[in-house]
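Biologist: Before I rely on the terms used for this structure, I should like to hear the reasoning behind them. Please take them one at a time.

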Amino acid sequence: MSVAMATNGTPLVLVADDDPDILTLVGFRLERAGYEVLPARDGEEALALALERQPDLAILDVMMPKLDGYEVTQRLRDDPATSGMPVILLTARVQEADITRGFEAGADDYIKKPFSPQELRARVQAILGRR
Amino acid sequence: MTLDAVVWTALVLTAAGSLSVYLLAVRRLYLMRSDRRYSAGGERLATLAAALAAGDLEPANDPAQAELELLAELLARYSRQLTGEARSNIAAFFERHGLIARELAHLGHRRPWRRARAAFLLGDMCSQQAVEPLLRALDDPSRDVRSAAARSLGRLGSGRAVEPLVRALVEQRVPRAVGGHALLTLGSEALGPLRPLILDTEAVVRATAVELVGLLGDANDAGLLTDRLRDSAAEVRAKAARALGRLGAEEATMALREALGDRIGFVRANAAIALGLVGDRASAPALLEMARSDEFDPAHAAARALSRLYPELLWSAARDSTSGPHLAEAADLTAVAR
């Protein structure tokens, strides 16, 4: 059981995107599905929150200011405290090379933008259900 | 000029200046009030809009009329980020409140900017009711309206829009970037209607369809595209070669090798590029000869294809002082990249 779940029993999901609309839409869908959402507006904030709060899952936009999603994923993998944290990349870049780069950085899954809220919830549930 | 005239002129100018300052101050106050109202309700409305998009809100809980416009603006924005059922929920909201009907009526407005705005907004309202009127708007006398209609048809994702969009594109009724982007936004939905256009009677339509199938299609399209390497129009043959390269169609390598002998230079160039992308190392000797002796563009393309396929052969050939500039340049670039 992760640190976040141990504190209040609700899985904590970090959602990082510089687009406030995405934060609202993803946050709303996950909160309705019973998750606690931790929003971040850039890569640095996402990394800091991930290290501090150690969420159960991180959903990261690829193209973010300060640190992109690949870099944040890589740094999470390099830190022993967060190396096992599942990461989903949320990206408009769906060329094969971009997807491969995401998996090479350590991502567990990716969701294409624009996205389906139902699909997002299903993927989050699938990943957290496996843990 | 008399003293009276000077005094009157000064008075009039002073009055006009004062009035302008007053009007600007009133306008500023009005905008500040609107901003405050927007900010205060923004967060609540954003959650409301997200709930509507998710289908978590009953129609009876829809907002008051005063908030409708703000909510509509938010939902239109959200629609650009969403797919699937959420878009149906957004369409239902706009239809229920008569906003689709309002913008459809504006498509007939006498002012072009109003028609263009309506055509643009309809694309974010997600309603299929707008497809037919937007297809008609592709023939609007205003280029702005036609462009907005093309963009919105792409957003609405209707396969019915594919052929009209291709024709609007080739007839230059919409800017190439806008029409192309709309068709790419349609994605795989566009493929079914696009494939028959590969055999259209107009060469320019065939060329556009071939290019788009190359961008949107998959290995199943290789046969259809390979046949176009023998098209009567050079533009179609060149686009077909490029598309086959993009799809990595290994089964097309024989036909692409034959296309290296096409009588038109840019077809040979595209065939060379495609062979490089497909990874056909067996074509290296033909590409080497082409890089040495062909016209500028095909020779340049052949050398770059060789750098991708067979760098050792390229470096070896480039050492020969009679090999020409293209092999030497490609060898240098490959060495730098390593």
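**The reasoning behind the terms**

Modeller: In this predicted model, the buried residues of α15(B) are B:Val267, B:Arg268, B:Ala269, B:Asn270, B:Ala271, B:Ala272, B:Ile273, B:Ala274, B:Leu275, B:Gly276, B:Leu277 and B:Val278.

Biologist: What makes α15(B) largely enclosed by the rest of the structure?

Modeller: A residue is buried if 20 or more other C-beta atoms lie within 10 Å of its own. In α15(B), 12 of the 14 residues are buried, so the helix is largely enclosed by the rest of the structure. Those buried residues pack against α13 (234–247), α14 (253–259), α16 and α17 of chain B.

Biologist: How do you know that the span of α15(B) agrees with its number of residues?

Modeller: The expected span is 1.5 Å times one less than the number of residues. For the 14 residues of α15(B) this gives 20 Å, and the end C-alpha atoms are 20 Å apart, so the two agree. After the helix comes B:Gly279, with a positive phi near 90°.

Biologist: Which residues touch the most other members of the largest nonpolar core?

Modeller: They are B:Leu75 and B:Ala272, in a core of 136 residues. Helix α15 of chain B (residues 265–278) gives the largest share of this core, nine residues. Setting aside neighbours within four places in sequence, B:Ala272 is in contact with B:Leu260, B:Leu287, B:Met290, B:Pro298, B:Ala301, B:Ala302 and B:Ala305.

Biologist: Why is B:Ala291 called buried or exposed?

Modeller: The cut-off for a buried residue is 20 or more neighbours. B:Ala291 has 30 C-beta neighbours inside 10 Å, so it counts as buried. B:Ala291 lies in helix α16 of chain B. Although B:Ala291 and B:Ala302 are 11 residues apart in sequence, their C-alpha atoms are 5.2 Å apart in space. Beyond four places in sequence, the contacts of B:Ala291 include B:Ala299, B:Ala302, B:Gly324, B:His326 and B:Leu327.

Biologist: B:His326 and B:Leu327 are also among the buried residues of α19(B). Which are the buried residues of that helix, and how do you know where they lie around its axis?

Modeller: The buried residues of α19(B) are B:His326, B:Leu327, B:Ala330 and B:Ala331. Viewed down the helix axis they fall within an arc of 130°, so they line one face of α19(B). An α-helix has 3.6 residues a turn, so residues three or four places apart point the same way. The buried residues of α19(B) pack against α16 (284–293), α17 (296–309) and α18 (311–318) of chain B. The span can be checked as well: the 13 residues of α19(B), 325–337, should cover 18 Å, and the end C-alpha atoms are 18 Å apart, which agrees.

Biologist: Two residues have a positive phi without being glycine. How is the burial of each decided?

Modeller: A:Lys66 has a phi of about 70° and is found in the loop between β3 (57–61) and α4 of chain A. Partly exposed residues fall between the limits of 12 or fewer for exposed and 20 or more for buried. A:Lys66, with 14 C-beta neighbours inside 10 Å, therefore counts as partly exposed. B:Cys126 has a phi of about 65° and is placed in the loop between α5 (112–124) and α6 (131–137) of chain B. With 27 C-beta neighbours inside 10 Å, B:Cys126 therefore counts as buried.

Biologist: What makes α4(A) and α5(A) parallel or antiparallel?

Modeller: Helix α4 (residues 69–78) and helix α5 (residues 96–105) of chain A pack at an angle of about 20°, with their axes 8 Å apart. Angles under 35 degrees count as roughly parallel, and α4(A) and α5(A) are therefore roughly parallel to each other. Where they meet, A:Tyr70, A:Thr73 and A:Gln74 of α4(A) face A:Arg101, A:Gly102 and A:Ala105 of α5(A) in contact.

Biologist: How many residues does each chain give to the contact between A and B?

Modeller: Chain A gives 14 residues and chain B gives 16 residues. On the side of chain A, the elements giving two or more residues are α2 (20–32) and α6 (117–130). The largest share of that side, seven residues, comes from α2(A).

Conventions
Residues are numbered from 1 along each chain as its sequence is written. Chains are lettered from A and ligands numbered from 1 in the order in which they are written. This is a predicted model: local features need pLDDT of at least 70, side-chain atom pairs count only at pLDDT 80 or more; totals for chains, interfaces and linings use all residues. Helices (H or I, at least four residues) and strands (E, at least two) are DSSP runs, numbered from the N terminus. The arc is that of the directions from the helix axis to the C-beta atoms. Two residues are in contact if their C-beta atoms, placed from the backbone, lie within 7 Å. A nonpolar core is a set of buried Ala, Val, Leu, Ile, Met, Phe, Trp, Tyr and Cys residues joined through C-beta atoms within 7 Å. Axes are lines fitted to C-alpha atoms, for helices over the stretch in contact, and angles run from 0 to 180 degrees between N-to-C directions. Angles under 35 degrees count as roughly parallel, over 145 as roughly antiparallel, 65 to 115 as roughly perpendicular and the rest as oblique.
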